[in-house]
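Here's a quick briefing to read alongside the sequence and the 3D view. Have a look around first, then follow the bullet points.

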Amino acid sequence: MSKAPMIAGTMQTDPRSGGVKRSSGVNVLPNVTEAWIEARDDANKEVDWVLIGYDGNSKTDMTLLEKGNGGIDVISGKLPPGNPVFGAVRTSKGRFVSFLYIDEDCPAMKRGRTLMYKNGVFNALEGCDGEIEMKPGMTEAEMGQVREAISRAVILDYRHNCMINS
């Protein structure tokens, strides 16, 4: 596996540039994807979650903060105060879900930048089939509904000006 950072992110279109697309600019460091491969390995019982955050004072680099086992019950106790973190976990039912946790004490600029990077970081967590809301001290029993990665297709019928849900 390459040691170069993964340039991830959703593509953004700046209307001032005439529609030229550019990346959100987040760099997901290789240690994140390596740890996630460990968590997804059925033979590895030591790692079933990863916690991802900013690398030191960087505004663009995301690194592995911690990894471990114990599922949602354990990772929810590791959420740092004042700092936004991304994470992914294997549930007891074998599903892989991701989350973004932003503490209410997080500075507004960092909050906004983190939200801009969300899809880019989630794209690096291959195999997640949904997203959950995370909060400190949460247990898997309190997890709630998983927002599906592809919940259902919505087809726009422009000839009839209506939406058809499938």
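In which sense do β5 and strand β7 (residues 85-90) pair, and over how many bridges? They pair in the antiparallel sense, and four bridges link them. Keep in mind that what you're looking at is a predicted model. We'll start with the whole chain, then zoom in on β5 and its surroundings.

**The big picture**

- You can pick out three helices and twelve strands in the chain.
- The chain has 166 residues, and 40% of them count as buried.
- Take the contacts between residues at least 6 apart in sequence: 51% of these join residues at least 24 apart.
- The chain's accessible surface adds up to about 9,700 Å², and carbon and sulfur atoms account for 51% of that.

**β5 and its partners**

- Every one of the six residues of β5 is buried, so this strand is largely enclosed by the rest of the structure.
- β5 also pairs with strand β6 (residues 61-68): the two run antiparallel and are joined by six bridges.
- If you want a landmark for that pairing, find V50, which stands opposite K67 in β6.
- For the pairing with β7, look at I52, whose bridge partner there is F86.
- β5 and β6 form a hairpin with six residues between the strands. Within this hairpin, G56 takes a positive phi near 60°.

**N44, in the loop before β5**

- N44 sits in the loop between α1 (30-40) and β5 (49-54).
- Is N44 buried or exposed? Its relative accessible area is 19%, and buried means under 20%, so N44 counts as buried.
- The side chain of N44 has a polar atom 2.8 Å from the backbone nitrogen of E46.
- That N44 side chain also reaches the backbone nitrogen of V47, this time at 3.4 Å.

**Cysteines and disulfides**

- How many disulfides does a search of the whole structure find? The count is zero.
- C106 has a relative accessible area of 6%, so it falls under the 20% cut-off and is buried.
- C128 has a relative accessible area of 18%, so C128 is buried by that cut-off too.

Notes:
Residues numbered from 1 in each chain as written. Predicted model: local features only at pLDDT ≥ 70, side-chain atom pairs only at ≥ 80, totals over all residues. Heavy atoms only, no water. Buried < 20%, exposed > 50% of the residue type's maximum accessible area, 1.4 Å probe, protein only. Contact = heavy atoms within 4.5 Å. Areas by Shrake-Rupley, 256 points an atom, 1.4 Å probe, with all protein chains shown as cover. Disulfide = S-S within 2.5 Å. Polar contact = N/O pair within 3.5 Å; in protein donor to acceptor, adjacent residues only side chain to side chain. Pairing = 2+ DSSP bridges.
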